[in-house]
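Hi everyone, thanks for making time this morning. I'd like to walk you through some charged pairs and one helix, so let's put the structure up.

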Amino acid sequence: MKKHRQKMLIYFIVLISAFSTLNAQNNNDTIVVQEPIHDSITTAIQKSKLNYKSLIIPAAFITYGVAGLTIKDLRQLNISTRTEINEHQPTRINFDNYTLYAPGIMVYGLNLAGVKGKHNLRDRTIIYVSSQLIAAAITFPLKYMVKEERPDRSNTMSFPSGHAATAFSNAQFMFREYKDTNFWLSLSGYPFAIFTGVYRMLNDKHWLGDVVAGTGFGILSTELAYWLYPRIDHLLRGKNKTKNTSLSSTMVMPFYQNNAVRIGLIKTF
């Protein structure tokens with residue numbers, strides 16, 4: 001178990017270092033493009049900096065979840081929480097398999113109804129897909145490295161909660177899209193995310209620490225997706241070498257395969 005925890009810490013260090021290096025490189029590099037549309041994209045990339053204040057809350061959730069794996073009192077809190085839930089014997093339902101996507105679906109539904117968010121269909125889809133890929137690229141490898149047994153003992157993929165990560169990445173996506181135009185509406189995705197996290201515990205699939213960590217990873221994934229968006233948008237649009245040359249599109253996507261996180265490159269001409 002100690003070896004798995006050590007691997008997890010190494011994974012965190014590599015992940016943080018990668019994002020820090022990428023951020024430093026993009027802040028120092030200057031991209032020169034002649035076309036006006038690419039000038040605006042370049043400006044957006046240069047201005048796009050990760051707001052570290054927005055990482056305080058997810059970092060606190062993640063820290064608590066990780067600490068709950070090793071600190072005796074927090075592990076005991078996981079156990080006592082499950083015991084308290086089982087004493088009341090709540091009805092187990094599978095709505096948590098669907099509510100995790102509700103905030104994201106609401107964003108698209110509201111846009112169809114004429115309630116516009118921060119981005120158009122293309123841009124918000126890039127951001128949304130990116131957030132889901134980042135969440136998966138973080139949570140799935142950790143499940144295999146940590147090997148925390150689920151409360152119902154069905155397997156050893158309890159930490160962190162993938163459902164909670166997905167639910168809160170969706171809720172944070174809705175918050176970011178509407179916080180500047182309709183603040184109260186932007187908060188309406190969080191009840192669905194909280195419901196998902198709570199029912200993962202009520203259904204005996206996760207410990208409290210798993211859900212708290214998943215919450216942090218979900219929020220973090222969406223924040224990283226918004227930070228990465230100008231760069232991804234630039235890659236997708238490509239560069240105009242001449243006015244008569246069609247744009248090439250390139251997409252870089254993380255994915256998980258054979259117990260390893262990999263990077264895929266898709267390019268069209």
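Before anything else, one cut-off: a residue is called buried when its relative accessible area is under 20%, exposed when it is over 50%, and partly exposed in between. Please also keep in mind that this is a predicted model.

With that cut-off, have a look at aspartate 123. Its relative accessible area is 11%, so aspartate 123 is buried. Its partner is arginine 122: the two side chains form a salt bridge, with N and O 2.8 Å apart. Arginine 122, at 33% relative accessible area, is partly exposed. And this pair has company, since a network of salt bridges links Arg122, Asp123, Asp233 and Arg237.

How many salt bridges does the structure hold? There are 10. In general, side chains of opposite charge can pair when their charged atoms come close.

Now let's move to aspartate 204. Its side chain meets that of arginine 82 in a salt bridge, 2.7 Å from N to O. Aspartate 204 sits in the loop between α10 (190-202) and α11 (208-237), while arginine 82 belongs to helix α4 (residues 72-88), so this pair ties together parts that are 122 residues apart in sequence. Is aspartate 204 buried or exposed? With a relative accessibility of 6%, aspartate 204 counts as buried, whereas arginine 82 is partly exposed at 27%.

That loop also holds lysine 205, which makes a salt bridge with aspartate 152; the closest N and O atoms are 2.9 Å apart. Aspartate 152 lies in the loop between α7 (121-146) and α8 (162-178), so here the parts tied together are 53 residues apart in sequence. Both partners are partly exposed: lysine 205 has a relative accessibility of 27%, and aspartate 152 has a relative accessible area of 28%.

Let me finish with α10, the helix that aspartate 204 follows. Aspartate 204 has a positive phi, near 65°. As for α10 itself, its 13 residues should span 18 Å at 1.5 Å a residue, and the C-alpha atoms at its ends are indeed 18 Å apart.

Which residues of α10 are buried? Among them are Tyr190, Ala193, Tyr199 and Leu202, along with Arg200 and Met201. And what do the buried residues of α10 pack against? Their neighbours are α4, α5 (96-99), α8, α9 (183-186) and α11. You may remember α4 as the helix that carries arginine 82.

That's my tour. Thanks for listening!

Terms used:
Residues are numbered from 1 along each chain as its sequence is written. This is a predicted model: local features need pLDDT of at least 70, side-chain atom pairs count only at pLDDT 80 or more; totals for chains, interfaces and linings use all residues. Side-chain values use heavy atoms; hydrogens and water are left out. A salt bridge is a side-chain nitrogen of Lys or Arg within 4 Å of a carboxyl oxygen of Asp or Glu. Helices (H or I, at least four residues) and strands (E, at least two) are DSSP runs, numbered from the N terminus. Buried means under 20% relative accessible area, exposed over 50%, partly exposed in between (1.4 Å probe, protein chains only). The expected span of a helix is 1.5 Å times one less than its number of residues. Contact means heavy atoms within 4.5 Å.
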